[in-house]
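Biologist: Could you take me through this one? I'd like to hear what stands behind each term.

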Amino acid sequence: MHDIKFIKKNPLVFDDSLKKRNLQPCSSKIIKIHNEYLEHLNLKQKLLEEKNSLSKSFVRKKDNVESIKKLVYELKAKIDNLTDLAELKLNELNELMMFLPNILSKNVPRGDSEKDNKIIKEHGEIKNFNFKPKNHLELAENLGLLDYKKAIKISGSRFSILKSDLAKLHRGLINFLLDNNSLEFGFEEYVVPELVKSEALEGTGQLPKFEEDLFKTNFNNLYLIPTSEVPLTNLNRESIINKKDIPLKYTTFTNCFRAEAGASGTDTKGLMREHQFGKVELVTISEPHKSESELNNMISCVENILKKLSIPYRIVELCSGDIGFSSSYTLDIEIWMPGQNKYREVSSCSNCTDFQSRRMKMRIKNFENGEIYYPHTLNGSSLAIGRLLISILENYQNEDGTIKIPPILKDYTNGLSIISNGKKI
RNA sequence: GGAGAGAUGGCAGAGUGGUCGAAUGCACCGGUCUUGAAAACCGGCAAGGAUGCAAGUCCUUCCAGGGUUCGAAUCCCUGUCUCUCCGCCA
């Protein structure tokens, strides 16, 4: 949600950001509606004041009872009418604003699609195989560790079933990632619900605009989370945080559920794009002026993982056409996938500034001077397990189709060092 | 699924029709005391909005939505959620 006062003061900044996202500028429309709302509101408040004082006078004087009743009755009718008018305008305003994306940081490069994203860093050497590297699907299927045909029988397409050593690697990775985030980078570890109310999704910005991407259940109309950014960021919704407790840094593993409505035809097989996937997430609630450095901290946390795994990666600055609804600035981290011979997104780290905190009414209070303001929220994947698995399988494959386990993961996979036909060597 | 209870400020918890935005305690903030800290004592302490240069003034909010009333945290209706007990269950 946007700050109406900011829009009124900086209509051009607001409109420029919308234009950059290829959307229609609308500050003048917003300001007009808000002024109409204020007209009704101000009049209503004056009449309410009158009505209140009449009621209070009732206690003292018991004369003129009937005339007071009559006056109040008349006032009430006017007030009701103004309440309706004001509410109408306010609803109109909110409906408009809830669909408007966050204001872009001035650092976001202009562009139409992911082709215009800017590579800002590359790290790690791409391995030269002296054979043609296989893709993860072929590798895992040959080893008997991935069975998406069974998954189709049980659940349909875009689901998968991992077996034995691959399942173990999956589990080990989760622990490895959570340890990295919590022990080395100070993110507090959580276990959170994977079903949430619509209010929580409105808070982080998935609703109302992206309903079709979500799975809705028939239990209390709860939704399956598309990312644990939703429960983590909403941990402090509608509450006031003591400035002393800032920054708040959270990490968790959850499954994520996405309808992938607009993705038909791409990455249909394997672990690349599924309706259900595991992901370890980072969320930071930050002082507004420190959110840039907190984003850097998140990025280092993710980089640390990839360095330990010796997986080549690059960092990409998302352009205005590719960046998400709630974000003001996003860096994607892409890892090398030899089977596809390209980098693919494995993490997306976003600074959502005060966009989400306004929507969920999360505030910081400085108890020394009574000041109350909105924190900045940041979220980042650290990391998407399925895609990380792909990269490990493909980068660590041997010519005979076996997979070496990255040394750092040995402690997390019961000493397993190589995956070979589902048997340890 | 059956039976009952409840929803009040950051938390706990009073308050059943008229200065109640709301006692009290804890927490928090400021101060006194102390070498420092603790304790004790003194003072402060809800949020959102409108208006104004400002001081201030006003409006709204005691789960949500309706209703009764000149007046509702308090009475009535509906909804939502939570808790306890029983049953079932990882």
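Modeller: Let's start at the RNA: of the atoms of RNA strand B within 4 Å of the protein, 76% belong to sugar or phosphate and the rest to bases. Keep in mind that this is a predicted model, where local features need pLDDT of at least 70, side-chain atom pairs count only at pLDDT 80 or more, and totals for chains, interfaces and linings use all residues. Residues are numbered from 1 along each chain as its sequence is written, and side-chain values use heavy atoms, with hydrogens and water left out.

Biologist: What makes N220 a polar contact of a phosphate oxygen of RNA strand B?

Modeller: A polar contact is a pair of N or O atoms within 3.5 Å (within protein, one must be able to donate a hydrogen and the other to accept it, and residues adjacent in sequence count only if both atoms are side-chain atoms). A polar side-chain atom of N220 lies 2.8 Å from a phosphate oxygen of RNA strand B, so the pair qualifies. K76 does too, because its polar side-chain atom is 3.0 Å from a phosphate oxygen of the strand.

Biologist: How do you know which residues are near RNA strand B?

Modeller: A residue is near a strand if one of its heavy atoms lies within 4 Å of it. There are 22 residues around RNA strand B, and N42, K69, N220, K244 and K365 come nearest.

Biologist: How many salt bridges are there between domain 1 and domain 2?

Modeller: Zero: no side-chain nitrogen of Lys or Arg is within 4 Å of a carboxyl oxygen of Asp or Glu across the two domains.

How values were computed
Chains are lettered from A and ligands numbered from 1 in the order in which they are written.
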